[in-house]
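This report introduces a structure to a reader who has not met it before. Please examine the sequence and the model shown here, then follow the description below.

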Amino acid sequence: MPTSLSGALEVAVQTDPGLVRGHNEDAVFADAGRGLAILADGMGGYSAGEVASSMATKLLSSRLEAAFKSVPPHKRDGRTGQPFAHSCLVQQIAAVNTAIYRAAESQVQFVGMGTTLVAVVFCDNKLIVAHVGDSRLYCLRSGSFAAMTRDHSLLQEQIDSGLISVEEARHSINKNLVTRAVGVDPEVDVESHLYPVQPGDLYLLCSDGLYDMVDDLEIHRTLETYGANPDLAARQLIRTANDNGGEDNVSVVVVKVLREFPAGSACWWKPWSWFR
Amino acid sequence: MAKLVLSMDGLVLKEIPLRKERMSIGRKAHNDIQIDNMAISGEHAAVVTILNDSFLEDLNSTNGTMVNGQPIKKHFLKDGDVIELGKYKMKYLLAPPSQEKADYDGRMPVDTIPVPEVSKASDPVGSAPRFELPSSPVPPAAIQLLSGSNTGRELQLTKTLTTLGKPGVQVAVIARRPHGYFLTHVEGATFPLLNGKAIDAQARRLEDHDVIEIAGVKMEFFLKV
């Protein structure tokens with residue numbers, strides 16, 4: 001078992017159906033001890049969206065847990081030099097994609113269901129983020145606030161190709177069209193990155209229900225103001241989204257890095273550091 | 001969101017919003033729009049909606065599908081088109097774009113769909129600004145320091161969030177929300193006092209002339225009206 005990160009990370013989770021939608025198609029999972037945070041925003045008729053997003057968070061968390069029991073997440077791959085968590089995350093999301101795709105194929109009420117996904121694994125003073133669709137990861141580090149994921153959406157593609165400006169994008173009616181999703185095709189294209197982590201960092205995973213209703217500046221301010229207390233920050237973000245109209249389900253995971261968490265911190269792991 | 005108005009013999013039976021990317025029409029129960037009539041095929045037709053555009057397709061039905069009196073196989077629906085299946089009529093109505101935000105769950109994967117929206121991108125769509133707050137949601141307010149070295153100083157609560165106290169010691173936040181100002185404890189072992197009593201972890205709504213004490217400094221909250 002890898003060492004628990006519960007002393008190094010403080011995690012708060014909030015999800016809310018918003019003020020307009022009848023049910024909540026978002027699903028969230030977070031475990032500070034295992035350094036894991038997952039957020040999914042489901043889509044599909046009737047209750048299929050809920051099914052897809054909760055399948056994604058539940059399956060992915062249990063699969064990662066099982067995988068990290070046999071191989072520690074920070075263990076470097078001899079060939080790529082990347083920590084195990086990196087390839088594992090991509091592989092397990094592919095497996096979750098297959099599971100949701102099959103469920104959608106086999107049951108008529110689930111046809112066409114899918115979900116966006118953003119998942120973060122913290123290990124060895126780093127984070128690995130993988131995402132599919134338009135759920136985001138933001139980072140607040142010593143006053144600067146930025147998105148660490150780029151949406152897989154029609155809008156982002158339009159912005160990238162210069163068809164429309166960021167300002168025009170705000171008013172676009174095509175906000176909700178994602179170009180990638182988990183569970184809609186037999187294969188899924190997962191984007192993943194590795195970043196170094198510093199004590200004091202604040203990370204935010206969120207669904208589009210947050211950033212469609214609350215602009216980045218306001219999210220930044222809220223995280224900064226409530227930074228000492230991730231739970232309050234999470235609640236305040238949801239409140240602001242609902243104060244601004246709450247047009248969609250809104251979910252957030254706020255992760256605060258309290259101290260460093262090098263993989264060799266447990267003394268019986270020290271020898272490993274020689275071989276890196 | 002666009003909708004279909006189902007009628008028979010001039011009598012309106014139902015309004016059906018086109019909520020899904022694909023809405024099937026037919027006699028059998030699994031259809032999104034079920035019309036239980038022998039003149040209608042089990043799977044009669046389907047309406048596929050991409051962005052703001054809807055297409056009607058006849059699924060090789062026995063009695064066919066007509067639009068504005070003409071039989072069709074595939075048809076690009078225009079506002080006001082009348083679809084006929086047997087004795088039933090369905091009028092296709094395009095909602096004005098400003099109204100479709102609230103219940104439009106148009107999120108869907110688009111990678112396999114031809115994308116016709118390039119020209120639309122330059123249209124001034126979505127003219128309703130989403131980020132603007134209502135013109136005067138809450139009356140302006142301020143706090144005045146009643147003790148400490150800055151006694152008498154006023155702090156305007158113009159931002160949505162105003163931080164009070166000393167970081168690392170005791171911090172509280174006043175949040176300006178559409179229905180008032182709320183005080184929340186954020187950091188520190190001691191909680192702020194509101195009119196002499198410690199508040200708990202819950203946000204507390206501030207009333208005119210409430211006295212707050214944070215990190216040993218007293219201040220009065222007041223509305224500027």
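Two strands are said to pair if DSSP finds at least two bridges between them. The model described here is a predicted one. In chain A, strand β1 (residues 9–16) pairs with β11 in the antiparallel sense, and the pairing extends over eight bridges.

**The central strand of the description**

Strand β11 of chain A comprises residues 250–257. Its partners include β1(A), through the eight bridges already mentioned, and β10 (residues 202–206) of chain A, to which β11(A) is joined in the antiparallel sense over five bridges. In general, strands of a sheet pair through backbone hydrogen bonds, either parallel or antiparallel. Individual bridge partners in β11(A) are listed below.

| Residue | Opposite residue in β11(A) |
|---|---|
| Leu9(A) | Val257(A) |
| Thr15(A) | Ser251(A) |
| Leu205(A) | Val253(A) |

How many of the eight residues of β11(A) are buried? Eight of the eight are, and the strand is described as mostly covered. A residue counts as buried if 20 or more other C-beta atoms lie within 10 Å of its own. In a regular strand the side chains alternate between the two faces of the sheet. Both faces of β11(A) are covered: on one side Val250(A), Val252(A), Val254(A) and Lys256(A) are buried, and on the other Ser251(A), Val253(A), Val255(A) and Val257(A) are buried as well.

**The sheet and its helices**

Five strands of chain A make up an open sheet with antiparallel pairing, in the order β1-β11-β10-β6-β7. The edges are occupied by β1(A) and β7(A) (144–147); each has a single partner strand, so one side of each is left without a neighbour in the sheet. On average, neighbouring strands of this sheet are turned by 15° against each other, direction ignored.

Helix α6 (residues 216–225) of chain A packs on the sheet and touches β6 (136–141), β7 and β10 of that chain, with its direction at about 55° to that of β6(A). Helix α7 (residues 230–243) of chain A also packs on the sheet; α7(A) touches β1 and β11 of chain A, and its direction makes about 25° with that of β1(A).

**Chain B**

Chain B has 22 strands and zero helices. Of its 225 residues, 25% count as buried. Among contacts in chain B between residues at least 6 apart in sequence, 35% join residues at least 24 apart.

How values were computed: Residues are numbered from 1 along each chain as its sequence is written. Chains are lettered from A and ligands numbered from 1 in the order in which they are written. This is a predicted model: local features need pLDDT of at least 70, side-chain atom pairs count only at pLDDT 80 or more; totals for chains, interfaces and linings use all residues. Helices (H or I, at least four residues) and strands (E, at least two) are DSSP runs, numbered from the N terminus. A residue is buried if 20 or more other C-beta atoms lie within 10 Å of its own, exposed if 12 or fewer, and partly exposed in between; C-beta atoms are placed from the backbone. Two residues are in contact if their C-beta atoms, placed from the backbone, lie within 7 Å. Axes are lines fitted to C-alpha atoms, for helices over the stretch in contact, and angles run from 0 to 180 degrees between N-to-C directions.
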